[in-house]
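Reader: Hello! I'm in my first year and still learning to read structures. Could you take one residue and walk me through its surroundings?

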Amino acid sequence: MLCTKEGIMCIGTSHGIYAFKDPGRIFHNERRADDVHSLSGNEIMAMYQDRSGDVYCLTPSAGICRTKAGALMTDKARFTVYDKQNLAPSDAPLSITADADDNLWIVYASSVAMFNKSRTMFYNSQSPDMSAADITRDSQGNFIAATVNDMITWNPAALNPDDEAPRIA
């Protein structure tokens, strides 16, 4: 579930996303096979809203879907999809958060990726098996992620991404 800054309550289910401000009118967004701008998959693992108001929806087999929060107040929101075709490490994201610079950090089963939204680029790093992982930040801004056998901690500011990484079209 996610309550956006605009006061929209979003509920991710195995049948897409339900959104409402007033429980008397509920909007439903789901995958529509004839619409490439609909959700890429109906099962929603997690949702996150960034500072600019974009909402990111993680699907366990169809990548990450992005839309504006206000767009969810219709039954036909338009989504942009980020998946392996756009150089994401996998189509199965597990969890998402952001660092102090509003870069998104996505945990996958075998990697962690930073998504630089301004450059539309993923920076991937291999990690221990992170199945059923969740990710959070501590008071110093470090990330903590649970793995199958342990927890890992890292400082996102210490990442030195490869400036020559290919741009996502």
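Author: Happily! Asn29 counts as buried because its relative accessibility is 2%, where buried means under 20% relative accessible area, exposed over 50% and partly exposed in between, using a 1.4 Å probe and protein chains only. The model is predicted, so local features need pLDDT of at least 70 and side-chain atom pairs count only at pLDDT 80 or more, while totals for chains, interfaces and linings use all residues. Residues are numbered from 1 along each chain as its sequence is written, and side-chain values use heavy atoms, with hydrogens and water left out.

Now look at where Asn29 sits: it belongs to strand S4, residues 27-29. Strands here are DSSP runs of E with at least two residues, numbered from the N terminus.

Next, follow the side chain of Asn29. One of its polar atoms lies 2.8 Å from the backbone nitrogen of Ala77. That is a polar contact if the two are N or O atoms within 3.5 Å, one able to donate a hydrogen and the other to accept it; residues adjacent in sequence count only if both atoms are side-chain atoms.

Ala77 also appears among the residues that Asn29 touches, where contact means heavy atoms within 4.5 Å. Setting aside neighbours within four places in sequence, Asn29 meets His15, Gly16 and Ile17, then Leu39, and further along Leu72, Thr74, Asp75, Lys76, Ala77 and Phe79.

For another stop, try Val81 in strand S8, residues 80-82. Not counting residues up to four places away in sequence, Val81 touches Ser40, Ala62, Ile64, Cys65 and Asn86. Its C-alpha atom is 9.9 Å from that of Leu58, 23 residues apart along the chain.

Definitions and conventions:
Helices (H or I, at least four residues) and strands (E, at least two) are DSSP runs, numbered from the N terminus.
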